[in-house]
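Student: I would like a close look at one part of this model, the salt bridges, and then at whatever else helps me to place them. Could you take me through it step by step?

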Amino acid sequence: MRLRAGISAALASAAILLVGWQAGAQVTESNASAVTTSAAGNTAGTAGGTASGTGSTAKGTTGSSASGSSSGTGAGSSSSTGSSSSSTLGASAKAGGTYAGTAVETRFGTVQVQVTIKAGVITDVTALHLTDQEQRSVQISARAAPLLRSEVLSAQSANVQTIGGATFTSEAYLTSLQAALDAAHF
Amino acid sequence: MKSQLLASPGQRVGTSPGQPPVPARRNPTRGRFAAQHRRRMFRTDMLTVALWASLAAALALWLADGGMSSVGNLTQAVTAVGILAGLAGMDLVFLMLLLAARLPFVDGAVGHDRALEFHRKLGKPALYLLLAHGLLLATGYGMAEGLNPVSEAVALWTLVPDMWLAFVSMALFIAVVVTSLVAVRHRFPYEFWYFVHLLTYLAVAVALPHQFSVGGLFAEGTWQRWYWLLLYIGTGSALAWFRIARPVIATYRHQLTVRRVVPLVPGVFSIEMSGLRLNELSGNGGRFFVWRFLAPGMWWQAHPFSLSAEPQVGKSSRQPTLRITVRNLGAGSARLASLKPGTKVAIEGPYGVFSTAARSREHVVMIGAGIGITPLRALLESTPFAPGQATVLLRCSSTEELFLGDEILELCRKRGATLFHLTGPRSANTQSAWLPASAGTSRLRDFVPDITDADVYICGPSAWPA
Ligand SMILES: Cc1cc2nc3c(=O)[nH]c(=O)nc-3n(C[C@H](O)[C@H](O)[C@H](O)COP(=O)(O)OP(=O)(O)OC[C@H]3O[C@@H](n4cnc5c(N)ncnc54)[C@H](O)[C@@H]3O)c2cc1C
């Protein structure tokens, strides 16, 4: 009897672990493609920025050195090159532009966002980098980022609620965003 | 003889719960109890499988999340093991709670005492896993951020929402396990241990938020979150139903009140209770209830006592009664001698498989010592056997202590059971210390030649047949 129980228990456990493993492999694959697409998105964004920008510096390693690219509407159009002069209080924000926030380290990877301001209004927030250290955190970030973006757009500040289940991403996201907004003197 | 007595729950405990029959070497294949026995063994095996499967499932939650692919370097490996330890540890906590929840399925398969014995065995592994969870994650996260584990732990506590609750939970778990260690436990009254034990529920509850908000495994919208939530809800409702609702319902339904207290010998007395619908309360012979006598100063103590007589509901007695026989072993049980008639009684139970449910063979041997003799009386009353197929051995140090001896003699006579009295102080020979000195070197087989083909019930002080 004990033997029967032992064997059945071992078989059942092995089967469950195997199914888990198998499911895990699938998740990994789908995540891998998700990573690729988001990476592609990033590259596109950066490329766009570079194309339009007037000598944008390396993506903000510090908040203040936000790359003063143009508003991103068109290819290097007129709107502003002045945003790189961080001393012009408020003016730059009024004029608008795209600002990258600090890269915030979390235990699940780096988070960095970039904010687009037009005529004193936050018109867009894009994620330059999101947590990617565990498979799960890619998914979490991918889910949290759009939510955070829309909350930020409606609140017009970094002063929004963190997303449940995505605490790390949220906090880093908002920190990076705040740095970008500070850089923009928003 | 193989005895299956529990590890001693404590020196001061006078009697240990009744033991289910010791399985003999051969499995029974015939007879009216064989099928019942097979069913019970099947259920026991199912429980073993379910236990291991739940542990595997906890680890599979992480695997299915693509856990393996996230392990690329040492830091990630430490973190991963920390997560797995947390999952396994928490799963053990759920299993422990379910083992203590008095699920009828578990009680019927392995019996209340073996379930609790197993519950106790899981305590330390569960705590070690949870400690490992905390330490490994503080180390792993710390390595990722370039902090030492202590600063990381501080950072976790102060910066991450819900994490302080996890620390509190850990402290509670430590307190619960430490106070449950045998050595510590006997420095305190039972009720102190019990109170600290209740903190487990708090510990489990405050562990929940960080599981769902920190770390991504149980993030919103994942099936893992649902699985885990179901474990929480399922365990919680099982406890609420079987440990609170059912006893309250039974207490209300049967309206037990003390009818009288009958002294047998100094320090030993029977408590007779009357109530409603007592036939439904049949302990099925020798099972026990947890009793709470609702009198000032006593209501907060709950005592396990076996029935010493099947509920009397026949036409002969106009008022149906239940009876337990108590030996005063401590302050709490001594006070029971002064119970006033009319005192209301709250009950939980019946529990245990010291009953016909555990039968597997035609022959039956009942061995009782000390106050453990009294449940045999109820068993003798109810368990089926043909004349000549039962042997009763009563062991005690003096004829004075043959509690209910007359009634047992009468029952044996009526039902055709063989009865032995083994009275006298212990034999010096440790091999047969369970026998009185006068019995010399006789062995169990001398009393019961066919013992290997019989169900054996043993009930006595926990130190006794060991
Ligand atoms: C399944 C079972 C059946 C029993 N049947 C009988 C019986 O038929 N007749 C009889 O005289 N005795 C029986 N006992 C023993 C009886 O329950 C204890 O002797 C009694 O509870 C002692 O309580 P106390 O307050 O006087 O002693 P205390 O000094 O308070 O405690 C003595 C010891 O009993 C333990 N204890 C106290 N309350 C409980 C509880 N609710 N659950 C578990 N352990 C507890 C304590 O840990 C302590 O070690 C049975 C015990 C069990 C477990």
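Tutor: A definition comes first: helices here are DSSP runs of H or I with at least four residues, strands are DSSP runs of E with at least two, and both are numbered from the N terminus. Please also keep in mind throughout that this is a predicted model.

With that in hand, we can begin in helix α12 of chain B, which spans residues 405–415 and holds both Arg413(B) and Glu410(B), three residues apart, or about one turn of the helix. Their side chains form a salt bridge, with 3.8 Å from N to O. Arg413(B) counts as exposed because its relative accessible area is 59%, and the cut-off for that class is over 50%. Glu410(B), by contrast, is classed as partly exposed because its value is 43%. Salt bridges with shared partners also tie Arg323(B), Arg377(B), Glu381(B) and Glu407(B) together into one network. Over all chains, the count of salt bridges is 11.

The next two bridges both involve Asp455(B), and they differ from the helix pair in how they relate to the sequence. In one of them, Asp455(B) pairs with Arg359(B), and their closest N and O atoms are 3.1 Å apart. This pair joins distant parts of the chain, since 96 residues separate Asp455(B), in strand β10 (residues 454–459), from Arg359(B), in the loop between β6 (344–351) and β7 (363–369) of chain B. Asp455(B) and Arg359(B) are both buried.

In the other bridge, Arg361(B) pairs with Asp455(B), with 3.8 Å between the closest N and O atoms. Here too the link is between distant parts of the chain, from the β6–β7 loop, where Arg361(B) sits, to strand β10, where Asp455(B) sits, a separation of 94 residues. As with the previous pair, Arg361(B) and Asp455(B) are both buried.

A polar contact of another kind is found in helix α4 of chain B (residues 112–145), which contains His133(B). A polar side-chain atom of His133(B) is 2.8 Å from the backbone oxygen of Gly82(B). His133(B) counts as buried because its relative accessible area is 19%, and the cut-off for buried is under 20%.

We can now turn to the ligand, whose shell holds 22 residues, the closest of them being Ala302(B), Pro304(B), Thr325(B), Arg327(B) and Ser333(B). Several polar contacts can be named individually. A polar side-chain atom of Ser333(B) is 2.4 Å from an oxygen atom of the ligand, while a backbone N or O atom of Thr325(B) is 2.7 Å from one of its nitrogen atoms. Ser306(B) also contributes through its backbone, with a polar atom 3.1 Å from a ligand nitrogen. Taken alone, the ligand has 910 Å² of accessible area, and the protein covers 88% of that. Two or more residues of the shell come from each of β4 (303–312), β5 (321–327) and α10 (331–335) of chain B, and β4(B) provides the largest share, with four residues. Sorted by class, the shell contains 11 nonpolar, nine polar and two charged residues.

For contrast, consider the surface of helix α8. In chain B this helix covers residues 190–213 and includes Tyr201(B). Tyr201(B) is one of the residues, together with Tyr190(B), Tyr194(B), Phe195(B) and Leu198(B), that make a nonpolar surface patch of about 490 Å². Tyr201(B) is placed in the partly exposed class because its relative accessible area is 37%.

One further position on chain B is Gly297(B), in the loop between β3 (288–293) and β4. Gly297(B) is partly exposed because its relative accessible area is 32%. Its C-alpha atom is 48 Å from that of Thr452(B), and the two residues are 155 residues apart along the chain.

Chain A completes the picture, with four helices and four strands, arranged along the sequence as α-α-β-β-β-β-α-α. Of its 186 residues, 39% count as buried.

Technical notes: Residues numbered from 1 in each chain as written. Chains lettered and ligands numbered in written order. Predicted model: local features only at pLDDT ≥ 70, side-chain atom pairs only at ≥ 80, totals over all residues. Heavy atoms only, no water. Near = heavy atom within 4 Å. Polar contact = N/O pair within 3.5 Å; in protein donor to acceptor, adjacent residues only side chain to side chain. Areas by Shrake-Rupley, 256 points an atom, 1.4 Å probe, with all protein chains shown as cover. Nonpolar A, V, L, I, M, F, W, Y, C, P; charged D, E, K, R; others polar. Patch = residues over 30% accessible without salt bridge, like charges linked within 9 Å, V, L, I, M, F, W, Y side chains within 5 Å. Salt bridge = Lys/Arg side-chain N within 4 Å of Asp/Glu carboxyl O. Buried < 20%, exposed > 50% of the residue type's maximum accessible area, 1.4 Å probe, protein only.
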